[in-house]
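Dear colleague,

I am passing on the structure below, and would be glad if you could look through it alongside my notes.

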Number of protein chains: 2
Amino acid sequence: MSASTSYQPVLTEKSINPHVLNVEYAVRGELSNRANKYAELLASGDNEKVKKENGIRFDSVVTANIGNPQQQPYLAQKPLTFWRQVAALTEYPDLLENKSGTLSDLFPSDARARAEQILHDVGSVGAYSHSKGASSIRKHVAQYIEERDGHPSDPELIYLTAGASAGVQLLLSVVVSGPEVGVMIPIPQYPLYSAALAFNNCHAVRYELDADDDWAVDVAAMGRTVDEERAKGVDVRALVVINPGNPTGSCLTEANIQDILKLAHEKRLVVMADEVYQRNIYHPDQRPFISFKKVLRDFGKSGNAEEMELANQVELVSFHSISKGVSGECGRRGGYFELTNMDPKVEAQVYKMASVNLCPPLQGQIGVDLLVRPPKEGEPSYALWKEETEGIHETLKKRSRKMADQFAKLPGVKCGEAQGALYLFPEITLPPKAIEAAKKEERKPDLYYCLRLLDATGICVVPGSGFGKQPGPNGECFLRTTVLAKETDEFIQRFGDFHKSFLKEFEG
Amino acid sequence: MSASTSYQPVLTEKSINPHVLNVEYAVRGELSNRANKYAELLASGDNEKVKKENGIRFDSVVTANIGNPQQQPYLAQKPLTFWRQVAALTEYPDLLENKSGTLSDLFPSDARARAEQILHDVGSVGAYSHSKGASSIRKHVAQYIEERDGHPSDPELIYLTAGASAGVQLLLSVVVSGPEVGVMIPIPQYPLYSAALAFNNCHAVRYELDADDDWAVDVAAMGRTVDEERAKGVDVRALVVINPGNPTGSCLTEANIQDILKLAHEKRLVVMADEVYQRNIYHPDQRPFISFKKVLRDFGKSGNAEEMELANQVELVSFHSISKGVSGECGRRGGYFELTNMDPKVEAQVYKMASVNLCPPLQGQIGVDLLVRPPKEGEPSYALWKEETEGIHETLKKRSRKMADQFAKLPGVKCGEAQGALYLFPEITLPPKAIEAAKKEERKPDLYYCLRLLDATGICVVPGSGFGKQPGPNGECFLRTTVLAKETDEFIQRFGDFHKSFLKEFEG
């Protein structure tokens with residue numbers, strides 16, 4: 001077949017949406033593609049033969065680059081039994097018919113009752129629900145929020161979503177009206193935010209988290225940044241806070257949250273509170289999770305006139321998800337956001353945009369129901385649910401602590417203990433010769449280090465620059481690793497051996 | 001609490017993204033909101049009391065406005081057993097352990113084997129998959145396309161999506177580089193397209209389907225439109241075709257598709273083929289479904305040099321979904337698109353954007369696997385699957401025909417038989433006094449008619465103007481109804497009674 005020399009494809013890098021080209025998404029970029037390739041090779045046949053032919057120096061890829069707890073085979077967090085029982089019953093309601101024998105052993109009565117309640121509302125998991133999500137599930141979310149915060153929550157202002165990411169993208173597309181708009185994001189940040197802002201073609205206004213103060217927000221500095229950017233003509237109108245922090249693992253204090261909300265009021269900023277790790281808290285006594293919604297509404301009881309106004313004025317969007325916590329149900333794609341103090345006409349626009357997407361996936365919605373309404377004491381599934389959730393929580397906490405300790409012992413590595421979330425964010429100082437080697441490859445030193453780590457060990461982590469935290473002038477680099485690897489000791493061993501030999505290779 | 005007079009909310013209709021304001025989405029707008037309100041009222045308590053208190057003149061709302069076959073209670077298409085068995089087993093793999101007794105009766109061996117295959121690939125339905133979707137499922141999609149079309153298909157160019165809508169939105173966001181871009185859409189069209197183009201702030205370039213020629217595409221007129229728009233400075237670069245048609249129920253002939261592809265080549269247009277109704281074909285002998293991909297690749301065998309070039313040059317994106325067909329699994333959110341002749345660098349950008357969304361919901365992906373790989377003859381589930389799918393297909397076909405016949409008998413109504421899809425699109429000529437009454441309410445006459453229909457009968461359909469088909473100068477209006485209502489006779493009766501009394505009310 002002769003190829004035409006004259007025909008030019010319509011879509012090329014030059015003709016497509018330039019804002020798409022500007023999107024960067026480090027969690028799944030070059031590194032994760034290379035890791036995927038290794039994993040595919042290792043799965044393709046005889047392990048030893050494949051390793052030899054392809055020069056692979058490890059038996060398995062450890063995807064510590066993404067918080068995906070149930071991923072097989074290396075992380076393999078077991079799903080919560082109650083969740084999966086309810087899911088199976090809603091998928092195949094014939095199982096509800098059979099009330100005795102094997103099936104009644106397999107499905108406790110509270111799992112059956114829950115499935116029946118859900119089906120009564122949604123009809124079928126194969127039907128579109130209301131675009132905001134099934135109304136009974138939104139009511140349960142509102143109850144959960146009320147119990148958590150001690151303040152009312154309106155189910156009509158709760159939107160179920162296909163994971164928190166989908167909600168964030170929806171909201172940002174409404175907030176950003178043009179290229180002059182600025183949205184503040186923390187540095188380091190989860191790359192969804194920078195990606196969505198690049199896609200929406202507006203300014204990502206960065207505020208630095210303080211590594212030496214548990215990654216707290218420096219609110220005074222944040223206020224100066226707002227003023228400076230506005231002086232430059234940037235219409236700074238929203239502020240993203242990730243609490244507990246990703247990638248930092250920090251958990252903000254109530255005082256810090258209060259200051260952020262006061263600043264948001266003073267400077268007129270919409271607050272977008274990403275609270276997807278609210279259940280991953282390792283020291284609840286010293287550093288509990290407190291929602292932005294609670295702190296906001298608490299101002300209403302302060303007696304101070306300005307603060308009482310603030311409570312009903314600061315526009316807040318709070319995000320939550322079933323992908324994290326101890327459920328780790330990423331693949332269902334479930335989450336929600338709650339709108340607080342939003343102009344009803346704007347809310348109507350959010351609703352319309354949710355309608356264009358028809359509805360969030362039903363099993364994601366059901367996951368939200370299970371997240372906000374777990375088995376209660378005295379119910380048949382309670383004991384197992386408690387055992388499983390506490391077990392996962394303890395395991396994560398133990399791993400997080402052990403990994404932080406071990407990281408901190410490695411030469412040239414600083415690593416604080418995480419207060420929450422599923423990550424550690426150690427700082428690694430690379431020797432000058434390693435920086436030079438990276439330069440030769442035209443790579444950032446932290447990416448260079450992570451690629452070398454992957455090639456040597458199969459461990460895939462994300463360089464700090466992927467979260468906007470650039471390497472420092474003296475070789476200070478960051479990287480983010482999940483704390484999900486099942487074989488923590490082996491993980492640390494593989495990592496430590498590599499690190500030491502890397503330092504040796506590049507030593508003065 | 002005193003309200004501040006000085007504080008202005010950040011987000012108002014004036015400050016948010018103006019392109020969001022421009023989005024219209026008729027399938028779920030004022031009409032469907034009113035229908036929802038009726039349904040909520042009727043579900044809220046004693047039916048007779050609620051009806052009396054709220055002046056409601058019907059017992060149930062019939063949501064004929066959206067293709068949602070499994071919606072309870074009025075449509076209630078039963079899910080395919082094999083689908084739900086596999087879904088339940090993947091949700092709760094403990095069910096696979098039990099190989100005898102009750103469970104082995106409930107789960108045939110092929111359903112078990114399928115669940116095991118899927119779990120072997122994805123690990124857990126609670127884990128993120130590859131961003132394009134699980135690789136084994138993409139391979140099965142490619143096999144399905146190869147068998148359907150007789151041409152190769154590459155799994156790496158197949159992207160699983162959260163329904164076709166998500167895929168369409170992803171692709172359009174890549175295609176549209178600025179406000180000068182134009183994308184051709186049929187009139188009438190499915191409102192997702194106009195909504196997504198308004199959101200992306202570009203030109204929706206309309207081409208009329210010919211109501212008097214089975215809603216065929218007038219390709220010569222389409223070519224003139226391209227030239228005219230380009231002369232005005234619009235960068236027309238893509239062309240949406242919905243085949244089988246929504247809302248028209250038409251099915252394009254091979255010759256018509258050939259002409260469209262030749263025009264796309266001549267004018268350099270990317271073709272976006274929305275083929276979600278490819279399994280809803282009522283007269284396969286006279287008007288079979290033929291995919292754009294097949295017709296495109298068939299040109300490669302034509303022997304004509306220009307056509308053989310065309311086969312490898314026209315950029316094509318083909319969409320499919322699990323929400324329609326006979327599965328009707330809308331709530332799972334599953335679908336896929338296939339890229340053909342796409343510049344690899346552009347494909348890399350599509351992949352990156354898919355990555356930002358992490359992955360499509362796993363149960364949606366599993367639905368795609370079941371769609372493209374149904375039970376085969378000789379397998380234990382085949383007989384039931386065949387009975388169920390043929391039953392649904394025959395029911396839809398019978399209902400579609402019966403409803404078309406009955407509509408056509410009503411005074412002032414024209415309604416052709418559908419060749420495919422799940423809708424009828426009758427033309428109703430309204431008397432001048434009804435047009436005046438609509439004018440007084442500042443509503444389009446077709447919307448006025450549909451609101452009156454809803455208020456009188458509880459039947460919710462969508463006015464033609466919601467699909468871009470505006471009322472004609474002599475009162476000619478269109479409306480779209482699904483053919484999913486279980487009680488077809490009652491539906492027609494309710495509709496016909498209203499229609500006659502409406503005509504009487506407004507007669508000369």
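What follows is a short account of the symmetry and of some charged side chains.

This is a predicted model, in which local features need pLDDT of at least 70 and side-chain atom pairs count only at pLDDT 80 or more, while totals for chains, interfaces and linings use all residues. Residues are numbered from 1 along each chain as its sequence is written, chains are lettered from A and ligands numbered from 1 in the order in which they are written, and side-chain values use heavy atoms, with hydrogens and water left out.

A turn of 180° with a shift of 0.0 Å along the axis lays chain B on chain A with an RMSD of 0.0 Å (a least-squares superposition on the C-alpha atoms of residues with pLDDT of at least 70 in both copies), which is the relation of a two-fold axis. Within chain B, the residue that comes closest to this axis is B:Ala88, its C-alpha at 2.1 Å.

Over all chains there are 63 salt bridges, each being a side-chain nitrogen of Lys or Arg within 4 Å of a carboxyl oxygen of Asp or Glu. In one of them, B:Glu505 pairs with B:Arg452 at 2.5 Å between the closest N and O atoms; because B:Glu505 lies in helix 20 and B:Arg452 in helix 19 of chain B, the pair ties together parts that are 53 residues apart in sequence (helices are DSSP runs of H or I, at least four residues, numbered from the N terminus). B:Glu505 is partly exposed at 43% relative accessible area, as is B:Arg452 at 24% (partly exposed lies between buried, under 20%, and exposed, over 50%, with a 1.4 Å probe and protein chains only).

With kind regards

Methods. Helices (H or I, at least four residues) and strands (E, at least two) are DSSP runs, numbered from the N terminus.
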